[in-house]
Every structure is written in C-alpha cells, then in structure tokens.
Amino acid sequence: METMQSTREKLVEDGKLQTGGHYTAAHLGKMAGLDGYPMYLPSLKRTVTGKVFIKDLLDTTGSEISMNKVPPGFEMPFSHAHKHNEEVFIFLGGKGQMSIDDDIIEVEEGSMVRLEPKAVRSFRNTGDTELYFICIQTREKSLQGYTTEDGIKVDREINWQK
Ligand code: ZN
C-alpha cells in the first residue's frame with residue numbers, strides 16, 4: 001500500500017498549521033472541501049474521506065473531535081457504542097436521521113445530540129445535499145469547572161497590529 005500523507009503533514013506542507021508557545025491552530029478550509037483530507041482508518045481497514053479527526057492536528061488532551069461531510073444517500077454501514085466517552089453531534093448543514101437504540105431522530109442544521117457511551121448509534125443523510133456535522137467525544141462525567149467557573153480574567157494588553 002502506498003503511504004498516505006497524514007492530514008497534519010499536508011497542512012504543515014501547505015502552511016496551514018500554526019503552533020505557538022501555548023496553542024496549535026489548523027486551517028482546513030471550507031467544510032465543503034473536507035473530503036480533500038482522506039484518512040486510512042485501521043479499524044475499518046479502508047480509507048475514508050469527508051472526516052477529519054482533530055486530536056492529531058491540534059494535540060487536544062481532553063477531547064477527540066471530528067469534522068464531517070457526508071454525501072446525499074450515505075448511510076453509516078454499522079452501529080457503534082463507546083466504552084467511556086460520550087459524544088455530542090452538532091449538525092451544521094443538511095438533513096439526516098440518527099438511529100439511537102430503538103429511536104430514530106430527525107436532525108438538520110442546528111440539531112445537537114448528546115449520546116451516553118452505551119447508546120447504540122448510527123446515522124444517515126436523508127437530504128439532497130451534504131450533511132455536515134461536528135462530533136465531540138469526551139470522557140463521560142469528566143467536566144469539572146466550566147463556563148465562567150474555569151475562566152480567569154487576565155490583565156494583558158492586546159496588540160492586534162502584529
Ligand atoms: Zn463514536
């Protein structure tokens with residue numbers, strides 16, 4: 001099998017990945033171009049397109065996030081659950097359905113679904129256009145401080161001219 005360039009390597013080569021002392025930033029481009037980052041998935045033993053995992057791009061330490069573009073007519077060929085992680089699906093465009101245990105839920109732009117790890121899930125695109133969503137995976141019950149509880153105000157002047 002030919003060696004595939006990782007999404008990170010591609011972004012670095014294109015100058016689309018920036019790192020600083022305390023951050024990593026990646027610029028994937030428009031959501032419509034998500035299938036420009038094919039990825040080999042060992043668990044499926046095949047290359048998938050339209051899905052970009054963020055952990056290996058941004059070195060996240062508390063979440064795995066994927067950006068997803070799913071063509072019309074696409075149906076996830078299997079169901080899955082998780083061991084420890086809950087998932088939040090945030091739909092950004094298109095129309096679809098999620099199968100969750102015995103329920104079928106309609107989703108569209110603006111829909112958000114949280115799934116407990118044991119929820120047996122799958123999805124399909126039922127619209128005429130691409131279905132776009134972000135999936136955020138985090139350890140269930142790991143959230144401690146949040147929103148303003150975890151934020152601290154820092155007195156530091158911003159230089160936007162840089
Ligand atoms: Zn999952």
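**Figure 1. Elements lining the second largest pocket of the predicted model.** Helix H1 (7–13), strand S3 (39–41), strand S5 (51–53) and helix H2 (55–58) each contribute at least two residues to the lining of this pocket. Helices (H or I, at least four residues) and strands (E, at least two) are DSSP runs numbered from the N terminus. Of these elements, S5 gives the most to the lining, with 3 residues. The second largest pocket has a volume of about 240 Å³. Its lining comprises 13 residues, and those closest to the centre are Ser 6, Thr 7, Arg 8, Met 39 and Asp 56. By class, the lining has 7 nonpolar, 3 polar and 3 charged residues. (Ala, Val, Leu, Ile, Met, Phe, Trp, Tyr, Cys and Pro count as nonpolar, Asp, Glu, Lys and Arg as charged, and the others, Gly among them, as polar.) A pocket is an open set of points, on a 1 Å grid over the protein atoms alone, where a 1.4 Å probe fits, with protein on both sides within 12 Å along at least five of seven lines; lining residues have an atom within 4 Å of a point. Volume is the space filled by probe spheres set on the points, which are joined across faces, edges and corners.

Residues are numbered from 1 along each chain as its sequence is written. In this predicted model, local features need pLDDT of at least 70 and side-chain atom pairs count only at pLDDT 80 or more, while totals for chains, interfaces and linings use all residues; side-chain values use heavy atoms, with hydrogens and water left out.

**Figure 2. The largest pocket and its lining.** The volume of the largest pocket is about 770 Å³. Its lining consists of 30 residues, and Leu 41, Lys 51, Phe 53, Asn 68 and Met 76 lie nearest the centre. At least two lining residues come from each of strands S4 (46–48), S5 (51–53), S6 (63–70), S7 (85–93) and S12 (131–139). The largest share, 5 residues, is supplied by S6. Sorted by class, the lining has 15 nonpolar, 8 polar and 7 charged residues.

**Figure 3. The zinc ion and its protein donors.** His 80 and His 82 each offer NE2 to the zinc ion, and Glu 87 offers OE, at 2.0 to 2.1 Å from the ion. Donors are N, O and S atoms within 2.8 Å of the metal (3.2 Å for Na, K and Ca); water is not among the atoms, so sites may look incomplete. The spacing of the donor residues in sequence is H-x1-H-x4-E. His 80 counts as partly exposed because its relative accessibility is 26%, and His 82 counts as partly exposed at 21%. (Buried means under 20% relative accessible area, exposed over 50%, partly exposed in between; 1.4 Å probe, protein chains only.)

**Figure 4. The open sheet of 3 strands.** The strand order is S9-S8-S11, and the pairing is antiparallel. Strands S9 (103–108) and S11 (121–125) form the edges, each pairing on one side only. Strands pair if DSSP finds at least two bridges between them. S8 (residues 95–100) and S11 run antiparallel and are joined by 5 bridges. Met 98 stands opposite Phe 123 in S11, and Gln 97 stands opposite Arg 124 in that strand. Because 4 of its 5 residues are buried, S11 is largely enclosed by the rest of the structure.

**Figure 5. Positive phi values in the segment after S12.** Lys 141, in the segment after S12, has a phi near 60°, a positive value in a residue other than glycine. Thr 147 is likewise found in the segment after S12, and its phi is positive, near 45°. Most residues other than glycine have a negative phi. Lys 141 is exposed, with a relative accessible area of 72%; Thr 147 is exposed, with a value of 67%.
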